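I sat down with this one over coffee and kept notes as I went. Have the structure open beside you and follow along.

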Amino acid sequence: MKEMCAPISQHRDHVLETFGLVTGSIPFDVQAVGKAREKVEKEGGRELLVEACAVAGAFEAITRLVDGTGRQLPLQRESRTKLLIMKVFKNRHTVGMAAAAVAVAFGVVSVMKR
């Protein structure tokens, strides 16, 4: 079976972590995001850039949802959360397979209950 994308090198890992941290920085630095975006695209092409933007966008949406509740996250925990999101992204194939297995299991259970 052909690999969907190349294995992540330490350099690619660093580029993606930087992109995640820059896109979540406050205040938002358009120039820094532009530079990080170019590095992601250079490292893995448009496909990797789209995936990285999807992860950053999902994180932003979750953050806005939590902000809407009025809950404040300590800065230390926010930094750890950003790194965790990027680690999940780095291991997205494993996480995706686990999620697919759970979805199939739920599907089987629901069919068996009928």
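Which residues of α2 are buried? I looked them up in the model, which is a predicted one. In α2 the buried residues are Val33, Gly34, Ala36, Val40, Leu48, Leu49, Ala52, Val55, Ala56 and Phe59.

**Entry 1: the overall layout**

I stepped back to see the whole chain. I found four helices and zero strands, and read along the sequence the pattern is α-α-α-α. Of the 114 residues, 22% count as buried. I also looked up how far apart in sequence the contacting residues are. Among contacts with a separation of 6 or more, 68% are between residues 24 or more positions apart.

**Entry 2: the two helices I kept returning to**

I checked α1 with a ruler, so to speak. Its 14 residues should span 20 Å at 1.5 Å a residue, and the end C-alpha atoms are 20 Å apart, so the two values agree.

Then I tried α2, and there the two values part ways. A straight helix of 40 residues would span 58 Å at 1.5 Å a residue, but α2 spans only 27 Å between its end C-alpha atoms. I went looking for a bend and found one of about 125° at Gly45.

I looked at both ends of α2 as well. At its start, a side-chain oxygen of Asp29 comes to within 3.1 Å of the backbone nitrogen of Gln31. Just after the helix, Gly70 has a positive phi of about 90°.

**Entry 3: the nonpolar core**

Next I asked which residues make up the largest nonpolar core. It has eleven: Val15, Leu16, Phe19, Val22, Val33, Ala36, Val40, Leu48, Leu49, Ala52 and Ala56. The elements giving two or more residues to this core are α1 (10-23) and α2 (30-69). Of these, α2 gives the most, with seven residues. I jotted down the general rule too: in soluble globular proteins, nonpolar side chains tend to be buried together.

I picked two core members for a closer look. Leaving aside neighbours within four places in sequence, Val22 is in contact with Ala32, Val33 and Ala36.

Leu49 was my other pick, and it is found in helix α2. Its relative accessible area is 9%, so Leu49 is buried. Not counting residues up to four places away in sequence, Leu49 touches Arg37, Val40 and Glu41. I also took its distance to Leu16: the two are 33 residues apart in sequence and 9.2 Å apart in space, C-alpha to C-alpha.

**Entry 4: the buried side of α1**

I made the matching list for α1. Its buried residues are Arg12, Asp13, Val15, Leu16, Glu17, Phe19, Gly20, Val22 and Thr23. Arg12 caught my eye, and I wanted to know what its side chain meets.

**Entry 5: salt bridges**

How many salt bridges does a search of the whole structure find? The search gives two.

In one of them, the side chains of Glu43 and Arg12 meet at 3.8 Å, N to O. This pair links distant parts of the chain, with Glu43 in helix α2 and Arg12 in helix α1, 31 residues apart. Are the partners buried or exposed? Arg12 has 10% relative accessibility, so it counts as buried. Glu43 is at 24%, so it counts as partly exposed.

In the other, the side chains of Glu41 and Arg46 meet at 3.2 Å, N to O. Glu41 is partly exposed because its relative accessible area is 27%. Arg46 counts as exposed because its relative accessibility is 59%. I noted that Glu41 is also one of the residues Leu49 touches.

Terms used:
Residues numbered from 1 in each chain as written. Predicted model: local features only at pLDDT ≥ 70, side-chain atom pairs only at ≥ 80, totals over all residues. Heavy atoms only, no water. Core = buried A, V, L, I, M, F, W, Y, C linked by side-chain atoms within 4.5 Å. Buried < 20%, exposed > 50% of the residue type's maximum accessible area, 1.4 Å probe, protein only. Contact = heavy atoms within 4.5 Å. Salt bridge = Lys/Arg side-chain N within 4 Å of Asp/Glu carboxyl O. Expected span 1.5 Å × (residues − 1). Bend = angle between axes of the 7 residues up to and from the residue. Polar contact = N/O pair within 3.5 Å; in protein donor to acceptor, adjacent residues only side chain to side chain.
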